[in-house]
Amino acid sequence: MKFTKPRLPYSLSDLEPVISATTIDFHYGKHEQAYIDNLNRLIDGTEYQDMALEAIIRNSEGALFNNASQAWNHIFYFFQFSPSGFKGPGGKLAEQIISQFGSVEEFKSKFEEAGVSLFGSGWVWLSADESGKLCITQGGNAGNPMKEGLRPLLVFDVWEHAYYLDYQNRRAEYLKKLWDIVDWEVIEERYGL
Ligand code: MN
């Protein structure tokens, strides 16, 4: 198998009560494994089998894009959390957020709104363009801002499987709680300016 699921840098219960061990077990343990298994099956014996995952995402459509992007998006999502990481942005990223959104709180509020207003399944993203300017975008289903030439920095999963066991239909509450476990040191490293 070409692609494998990386081991999380925390234990299943470390993100409680924001995300329960049961949710991580199903979400990362089972949903993510299925995307990776499908991805490996779809690239086997094709022109995609020696490509990096990001290249597959940029160069595919349909079922292959959906599974490749979902495989990548979930790793990006789960690896931005930590029970003990930096709880607010700093450095150049904080400066850019404040310059574009007014304050970190205002940015969070806009980001949550984008997540709440996305109809159906998908992702809400913070990305940077080539000049370092930030933007919040919604991606339906497996949507990924790399398709539009943007560099992803932060993502919240708004598929129901991400929150239904812990929050049932309360998507807005789930989105607000996620800030408690975002490790901003990871987001700053991704921004990298
Ligand atoms: Mn998901």
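This report describes a predicted model of a protein with a manganese ion, from its overall fold to single residues.

## Overall fold

The protein contains 8 helices and 3 strands. Their order along the sequence is α-α-α-α-α-β-β-β-α-α-α. The C-alpha trace extends over about 50 × 40 × 30 Å along the principal axes. The radius of gyration is 16 Å, in agreement with the value near 16 Å for a compact globule of 193 residues.

Of the 193 residues, 49% are buried. Among contacts with a separation of 6 or more, 71% are between residues 24 or more positions apart. The accessible surface is about 9,200 Å², and carbon and sulfur atoms contribute 51% of that area.

## Manganese site

Four protein residues supply donors to the manganese ion: His27 through NE2, His74 through NE2, Asp157 through OD and His161 through NE2. These donors lie 1.9 to 2.1 Å from the ion. Along the chain their spacing reads H-x46-H-x82-D-x3-H. His74 belongs to helix H3 (residues 62–78), while His161 sits in the loop between strand E3 (151–157) and helix H6 (164–167), so this pair ties together parts that are 87 residues apart in sequence.

His74 and His161 are both buried. A residue counts as buried when its relative accessible area is under 20%.

## Helix H7 and its packing

Helix H7 covers residues 171–178, and its buried residues are Arg171, Tyr174, Leu175 and Leu178. Viewed down the helix axis, these buried residues fall within an arc of 95 degrees, so they line one face of H7. They pack against helix H3, helix H5 (104–117), strand E3 and helix H6. Two of these packing partners, H3 and E3, also appear in the description of the metal site: His74 lies in H3, and the loop holding His161 runs between E3 and H6.

## Salt bridges

The whole structure has 6 salt bridges. One of them pairs the side chains of Lys110 and Glu106, with an N to O distance of 3.6 Å. Both residues are in helix H5, 4 residues apart, or about one turn of the helix. Lys110 is partly exposed, at 38% relative accessibility, and Glu106 is partly exposed at 37%.

A salt bridge also forms between the side chains of Lys176 and Glu112, at 3.0 Å from N to O. Lys176 is in helix H7 and Glu112 in helix H5, so the pair ties together parts that are 64 residues apart in sequence. The two partners differ in burial: Lys176 has 52% relative accessibility and counts as exposed, whereas Glu112 has 11% and counts as buried. Helix H5 is also among the elements against which the buried residues of H7 pack.

Arg170 forms a salt bridge with Glu173, and their closest N and O atoms are 2.6 Å apart. Arg170 is partly exposed at 36% relative accessibility, as is Glu173 at 31%. Salt bridges with shared partners join Arg170, Glu173 and Lys177 into one network.

## Backbone exceptions

Most residues other than glycine have a negative phi, and most peptide bonds are trans. The peptide bond between Glu16 and Pro17 is cis, with omega about 5 degrees. Pro17 is located in the segment before helix H1 (21–43).

Asn141 is not a glycine, yet its phi is positive, near 55 degrees. Asn141 is in the loop between strand E2 (134–140) and strand E3. With a relative accessibility of 46%, Asn141 counts as partly exposed. Gln168, likewise not a glycine, has a positive phi of about 50 degrees. Gln168 is in the loop between helices H6 and H7, and at 33% relative accessibility Gln168 is partly exposed.

Definitions and conventions:
Residues are numbered from 1 along each chain as its sequence is written. This is a predicted model: local features need pLDDT of at least 70, side-chain atom pairs count only at pLDDT 80 or more; totals for chains, interfaces and linings use all residues. Side-chain values use heavy atoms; hydrogens and water are left out. Donors are N, O and S atoms within 2.8 Å of the metal (3.2 Å for Na, K and Ca); water is not among the atoms, so sites may look incomplete. Helices (H or I, at least four residues) and strands (E, at least two) are DSSP runs, numbered from the N terminus. Buried means under 20% relative accessible area, exposed over 50%, partly exposed in between (1.4 Å probe, protein chains only). The arc is that of the directions from the helix axis to the C-beta atoms. Contact means heavy atoms within 4.5 Å. The radius of gyration is taken over C-alpha atoms; the globule rule is 2.2 Å times the number of residues to the power 0.38. Accessible areas come from the Shrake-Rupley method with a 1.4 Å probe; for residues, only the protein chains shown count as cover. A salt bridge is a side-chain nitrogen of Lys or Arg within 4 Å of a carboxyl oxygen of Asp or Glu.
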